[in-house]
Amino acid sequence: MKFNVHAGHNPAGKIACGAVGLLNESIENRKVKDEVIAQLQALGHTAYDCTENNGSGQSDVLKKIVAKCNAHDVDLDISIHFNSGAKDKEGNKKTTGVEVFVFSASSEAKTYAEKVCAEISALGFRNRGVKYSTSLYVLKHTKAPAMLIECCFVDDKDDAELYDYRKMASSIVKGITGQVYYQPEETKPAEPDEETPVGDKGTLYRVQVGAYSVKENAEAMKEKLRAAGFDAFIAS
Ligand SMILES: [Zn+2]
């Protein structure tokens with residue numbers, strides 16, 4: 001299939017950027033957007049990035065997004081946003097959740113939107129369901145069937161803690177394609193460890209972690225390293 005994908009709003013910090021709470025919409029929606037595009041392409045689909053990063057204001061951002069979308073013939077336009085208004089920064093053990101907008105009940109995007117809601121709610125987000133809006137600019141002016149995904153709430157601690165951009169992207173991809181992109185675990189940097197010497201016999205390579213003018217500070221670091229299992233010593 002062919003898709004247009006964009007993150008809503010200008011980038012963080014610019015005029016007409018997205019909502020800011022515990023999460024920053026314009027940062028997270030770009031991470032999700034990049035991951036969605038990468039997964040779609042890895043699965044063999046065509047995905048165009050129609051994000052606008054330099055609009056002069058909100059309506060300019062929207063116009064430029066729509067112009068980019070309408071330059072391609074696609075099956076679906078996907079707009080990625082994060083919601084705000086939950087006002088639950090302390091956390092109440094309940095997410096406020098996901099909702100997806102389509103233009104109307106007869107939009108061809110509706111069944112995809114329902115699947116995206118179901119997949120995101122399978123991650124643990126409350127399913128607020130598919131909603132209709134004839135006034136959202138992107139839904140109104142794109143020529144392909146369009147959906148606007150409000151992934152979760154930026155101002156709900158429960159949403160923010162549950163949220164992971166890769167899982168969010170995988171759920172969107174599964175919702176729109178029915179396919180699961182195999183997601184390798186994020187590789188963690190190897191634990192620091194003493195290296196077995198492999199060079200010339202007798203050559204020791206020492207790893208220094210700090211230099212301190214106050215002895216107490218050096219002692220403190222040594223204790224910290226010993227507590228972490230390293231054979232630390234102080235040299236002057
Ligand atoms: Zn938004």
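In strand β6, Ile149 is the bridge partner of Ile80. I begin with this pair, colleagues, and I should say at once that the model before you is a predicted one. Ile149 of β6 is also the bridge partner of Val100. Let us follow these pairings outward.

Ile80 belongs to strand β3, residues 76-83. Strand β3 and strand β6, residues 146-153, run parallel and are joined by 6 bridges. In which sense do β4 and β6 pair? Strand β4, residues 98-102, is antiparallel to β6, and 3 bridges connect the two. Returning to β3, we find that β1, residues 2-7, pairs with it in the parallel sense over 5 bridges. Within β3, Asp77 stands opposite Asn4.

These pairings belong to one sheet. It is open, has 6 strands with mixed pairing, and its order is β2-β1-β3-β6-β4-β5. Why do β2 and β5 each have one side without a neighbour in the sheet? β2 (46-49) and β5 (127-132) stand at the edges and each has a single partner strand, so one side of each is left free of a neighbour there. On average, and with direction ignored, neighbouring strands of the sheet are turned by 20° against each other.

How many of the residues of β3 are buried? The count is 8 of 8. In a regular strand, side chains alternate between the two faces of the sheet. In β3, Leu76, Ile78, Ile80 and Phe82 are buried on one side, while Asp77, Ser79, His81 and Asn83 are buried on the other, and both faces are thus covered. For the protein as a whole, buried residues make up 38% of the 236 residues.

I turn now to the helices. The protein has 7 helices alongside its 6 strands, and along the sequence they follow the pattern β-α-β-α-β-β-α-β-α-β-α-α-α. Of the contacts with a separation of 6 or more, 74% are between residues 24 or more positions apart.

Consider helix α6. Its 13 residues should span 18 Å at 1.5 Å a residue, and its end C-alpha atoms are indeed 18 Å apart. Among its buried residues are Met168, Ser171, Ile172, Gly175 and Ile176. Against which elements do the buried residues of α6 pack? They pack against α1 (25-42), β3, α3 and β6. After α6 comes Gly178, with a positive phi near 80°.

Two packed helices are described by the angle between their axes and the distance between the axes. For α3, residues 110-121, and α6, residues 165-177, the angle is about 145° and the axes are 8 Å apart. The crossing of α3 past α6 is right-handed. On the α3 side, the contact is made by Tyr112, Lys115, Val116, Ala118, Glu119 and Ile120. On the α6 side, Met168, Ser171, Ile172, Lys174, Gly175 and Ile176 take part. By type, the residues of this contact comprise 7 nonpolar, 2 polar and 3 charged.

Finally, is helix α7 mostly covered or hardly covered? It is hardly covered, for the count of buried residues among its 13 is 0. Helix α7, residues 215-227, reaches 18 Å from its first C-alpha to its last, close to the 18 Å expected at 1.5 Å a residue. Just after α7, Gly229 takes a positive phi of about 100°.

Technical notes
Residues numbered from 1 in each chain as written. Predicted model: local features only at pLDDT ≥ 70, side-chain atom pairs only at ≥ 80, totals over all residues. Axes fitted to C-alpha atoms, helices over the stretch in contact; angles between N-to-C directions. Helix = DSSP H or I, 4+ residues; strand = E, 2+ residues; numbered from the N terminus. Left-handed = near helix turned anticlockwise from the far one by under 90°. Contact = placed C-beta atoms within 7 Å. Nonpolar A, V, L, I, M, F, W, Y, C, P; charged D, E, K, R; others polar. Buried ≥ 20, exposed ≤ 12 C-beta atoms within 10 Å, placed from the backbone. Expected span 1.5 Å × (residues − 1). Pairing = 2+ DSSP bridges.
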